[in-house]
Structure formats: structure tokens, C-alpha cells
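Hi everyone, thanks for making the time this morning. I'd like to walk you through one structure, so let me put it on the screen.

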Amino acid sequence: MLDEFFMRRALELAALGRTSTAPNPMVGCVITYGGRIIGEGWHQQYGGPHAEVNAIRSVADPALLPDATVYVTLEPCSHYGKTPPCADLLVQHQVRRVVVANQDPNPLVQGRGLSRLREAGIAVEVGLLAQEGAHLNRRFFTFLEKHRPYIVLKWAQTADGYLARSNYDSKWISSSLSRRLVHRWRAEEAAILVGSRTAEHDNPRLNVRDWKGPDPVRVVIDRELRLSPSLYLFDGTQPTLCYNTQKSETRPTATFVKLASEGTPLLVQLVEDLHQRRLMSLFVEGGSALLSHFLEAGLWDEARVFVSPQRFGEGIAAPVLRHVPYQKQHLKEDELRIYYPTF
Ligand code: AOF
Ligand code: ZN
């Protein structure tokens with residue numbers, strides 16, 4: 001019971017790195033002695049010290065460490081990356097016991113951190129709150145295991161299932177509260193994608209304005225390079241990737257990436273390229289055709305759908321997720337449905 005309590009605290013600490021650790025995982029660490037917390041830390045910043053280092057540093061009396069238990073949400077690393085191995089640090093301090101939620105899928109680690117601790121005579125337990133840990137780091141795990149970004153689809157629809165009116169006017173379907181939440185979500189993903197029709201009709205900025213957090217890399221698909229350079233997307237304020245079938249070229253306003261027009265499906269090529277660029281997650285904001293392509297290709301990990309009480313009676317139909325269970329939340333006027341694929 002106490003173990004679970006401390007691991008929950010470690011997960012809570014890990015989550016503080018939500019917008020600043022990618023493409024690293026979020027990791028939290030709690031150190032206890034005699035059932036009390038004597039140290040805490042988390043991985044705060046990509047490239048910065050790992051959770052265990054921060055937690056050890058926070059301990060006022062290091063003489064207690066040989067009798068301490070360390071709770072860490074991810075297996076302590078065994079490699080020299082931007083920082084020295086955390087497993088070695090815990091061995092040096094001869095801590096008594098280490099409790100871990102998830103094993104690190106990074107090929108440089110993958111169990112080696114755990115063996116190093118065990119070889120040094122430290123008691124090691126793995127798997128406490130593993131589901132919660134895997135959910136927290138679902139982007140990191142998907143990125144390493146599937147070699148593509150974690151894909152979040154998002155749209156807003158009316159109660160009668162429309163995404164937009166027939167003239168593509170889709171402004172103001174969801175409430176202002178829902179739209180603000182979208183800005184928070186944008187800050188949590190590495191990249192944000194729209195199709196060319198949405199880019200043209202909505203002229204979106206795709207940045208984070210109504211929340212505090214980093215702007216994602218903007219991504220647009222424009223096969224024939226027909227989009228106007230005067231769109232906000234090409235204003236040079238944020239890194240922008242424009243996938244097309246015509247040319248590869250780097251400009252101050254955007255990086256153009258040529259994909260093959262035949263063979264491997266375009267979306268598969270796109271997510272493979274994002275993986276190579278180490279963009280760990282992708283937020284897809286529309287339009288309807290693009291969202292449906294991702295759904296049909298089974299290329300998605302989460303769909304967040306706002307359902308507003310409005311009715312349009314006609315228009316562009318929203319994608320349909322048949323027989324996929326969802327979690328429901330109420331947000332002022334709108335209902336938010338979160339779907340996870342069942343395949
Ligand atoms: C840990 N504790 O807090 C984190 C770990 O380039 P580096 O040195 O920052 O290493 C990044 C890798 O280390 C990352 O891909 C993952 O495997 C592991 N992250 N490990 O022991 C931490 N953030
Ligand atoms: Zn480490």
C-alpha cells in the first residue's frame with residue numbers, strides 16, 4: 001500500500017515534465033527512509049539531469065541512503081547519454097531497494113539498468129503501477145516500439161454529426177473553453193498537422209496562444225504545392241514542415257519534404273519521416289478527409305472529439321468511430337469523448 005502511494009507521487013512528479021522532456025520520457029523519483037519521503041525529483045528538461053539525480057540531490061542527509069527505498073517510474077538508465085548512468089548513481093549510494101513502474105524500452109537500456117542494480121545486491125521490484133506509467137509515457141513507448149510518433153486525432157462536431165457547413169465554415173462549433181483546452185493540448189505534442197484544404201480555408205496559426213507552453217512544429221500536406229505563401233503557416237514564426245510530392249527544399253519560412261507519389265502510402269511515409277526527425281507525437285487537427293484517412297489506415301492512438309449541442313442539419317460529415325468505446329467528460333456546453341483504438 002505504501003509502495004503504491006509513493007509510486008503515485010513519483011508519477012505525479014514525472015507529469016510535471018509534460019511539455020519539456022520530449023523526446024525523452026517523463027520520469028519521477030521519490031526516495032523514502034522509514035516510510036517517510038526524504039527526497040524527490042523529476043526529469044525537468046530534455047538534455048537535463050534525470051529524475052534520480054535530482055531526487056538524490058534533494059536528500060538532506062545522504063547517510064540515510066543505504067537504508068533508503070527509491071521509487072522511480074522508469075527503469076534507471078545504464079548508458080552514457082547526455083548524462084551518466086542513473087543505475088551507477090544508485091549503486092554508488094548503495095540504496096537498499098529500488099521499485100520501478102516500467103522497464104525502459106530504449107535499446108540502450110532495456111533491462112540493463114535493472115541487472116546492474118541487482119548485480120550490486122540491491123533489491124529490485126518492477127511493474128508497480130505499470131499501466132499508469134505506460135499511459136503517462138504512451139508517446140515515448142509508441143515512438144520506440146512502433147517507430148512512429150504517437151498520433152492524436154482531434155475534431156469538433158455538432159450533435160447531429162457535422163464537422164463543418166457545406167461551405168467548409170467550421171468556426172465556432174466548440175465552446176471557448178474547449179478551444180482553450182486545444183491550446184493546452186497543442187503544447188503537449190511535438191508536431192501538429194493539417195491538410196491543405198484546412199490550411200487554405202481556416203488559415204490556422206497552429207501555435208499555442210490560449211495556454212502557456214511551447215509551440216509544436218507545424219506540419220502540412222500540400223501534394224502539388226498549391227498553398228499560398230501568404231498563409232500564417234508560412235510566416236516563419238515557427239518551424240514548419242510542408243510534405244509534398246514535388247520538391248525538397250529548406251527555406252526560412254518552411255522545410256519542404258518530397259514524398260514518393262507511388263508505393264508506400266503517403267501517411268506512412270510522413271510518419272516515418274517525423275520519426276526520423278525525432279518528433280515523438282503528432283496532433284492531427286483536420287480536416288475531415290485527412291482524419292478519415294488516419295482512421296482508415298489504423299494509424300492513430302487516441303481521438304479526442306468535442307460534441308457541441310448545436311445542430312447544422314447538413315454539411316460535411318464528421319468521421320465515424322463505430323464500436324469504439326470512449327470515455328466521456330462534460331466541459332461546460334460541450335461533451336468531450338476520448339477514444340482509444342481497440343485493434
Ligand atoms: C532515467 N531517468 O529521468 C530519464 C531516463 O540523453 P539522456 O542522457 O538524457 O538519456 C535519455 C534516455 O534515458 C531516454 O531515451 C530514456 O531511455 C532514459 N530516460 N532514464 O533513468 C530519467 N529521463
Ligand atoms: Zn538516467
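I'll begin with the zinc site and the annotated glutamate, then move to a glycine, a second annotated feature and a pocket. One thing to keep in mind throughout is that this is a predicted model.

So, the metal first. Which protein atoms hold the zinc ion, ligand 2? The protein donors are His50 through ND1, Cys77 through SG and Cys86 through SG, at 2.0 to 2.2 Å from the ion. Along the chain, these donor residues follow the spacing H-x26-C-x8-C. What is the geometry around the zinc ion? The four donor atoms subtend angles of 99 to 118°, so the arrangement is tetrahedral. For comparison, the ideal angle for four tetrahedral donors is 109.5 degrees. Please also look at the two cysteines: cysteine 77 is buried, and cysteine 86 is buried as well.

Now let's turn to Glu52. UniProt, in an unreviewed entry, marks Glu52 with the feature "active site". Where does this residue sit? Glutamate 52 belongs to helix α2, which runs over residues 51–57. Is glutamate 52 buried or exposed? Its relative accessible area is 3%, and because the cut-off for buried is under 20%, glutamate 52 counts as buried. Setting aside neighbours within four places in sequence, glutamate 52 contacts Cys29, Val72, Leu74, Pro76, Cys77, Cys86, Leu89 and Leu90. You'll recognise two of those names from the metal site, since Cys77 and Cys86 are donors to the zinc ion (ligand 2).

Staying in this part of the chain, have a look at glycine 48. It is in the loop between β2 (36–42) and α2. With a relative accessible area of 16%, glycine 48 is buried too. What does glycine 48 touch, apart from neighbours within four places in sequence? The contacts of glycine 48 are His43 and Thr83. There is also a C-alpha distance to point out here: glycine 48 and lysine 82 are 34 residues apart along the chain, and their C-alpha atoms are separated by 7.6 Å.

On to the other annotation. The UniProt feature "binding site", again from an unreviewed entry, covers Ala156, Trp172, Thr198 and Asp202. I'll pick two of these. Tryptophan 172 is in the loop between β7 (162–164) and α7, and its relative accessibility of 59% makes it exposed. Not counting residues up to four places away in sequence, tryptophan 172 touches Arg179 and Gln310. Aspartate 202, on the other hand, is in helix α8, residues 196–202. Its relative accessible area is 25%, so aspartate 202 is partly exposed.

Last stop, the second largest pocket. It holds about 600 Å³ of space. Of its 33 lining residues, Arg18, Thr19, Ala187, Glu188 and Glu189 are the closest to the centre. Which helix gives the most to this lining? That is α7, with five residues. Helices α5 (130–136), α6 (138–146) and α7 (176–188) each supply at least two lining residues.

While we're at α6, let me show you its buried residues: Arg138, Arg139, Phe140, Phe141, Thr142 and Phe143 are buried there. After α6 comes histidine 147, which has a positive phi, near 55°.

That's my tour; I'm happy to take questions.

Definitions and conventions
Residues numbered from 1 in each chain as written. Chains lettered and ligands numbered in written order. Predicted model: local features only at pLDDT ≥ 70, side-chain atom pairs only at ≥ 80, totals over all residues. Heavy atoms only, no water. UniProt positions renumbered as here; feature names shortened; annotations may be inferred. Helix = DSSP H or I, 4+ residues; strand = E, 2+ residues; numbered from the N terminus. Buried < 20%, exposed > 50% of the residue type's maximum accessible area, 1.4 Å probe, protein only. Contact = heavy atoms within 4.5 Å. Donors = N, O, S within 2.8 Å, 3.2 Å for Na, K, Ca; no water. Tetrahedral: all angles 85-135°; square planar, octahedral: opposite > 155°, others 65-115°. 1 Å grid on protein atoms, 1.4 Å probe; cavity = no way out; pocket = protein on both sides within 12 Å on 5 of 7 lines; lining within 4 Å. Points joined across faces, edges and corners; volume = space filled by probe spheres on them.
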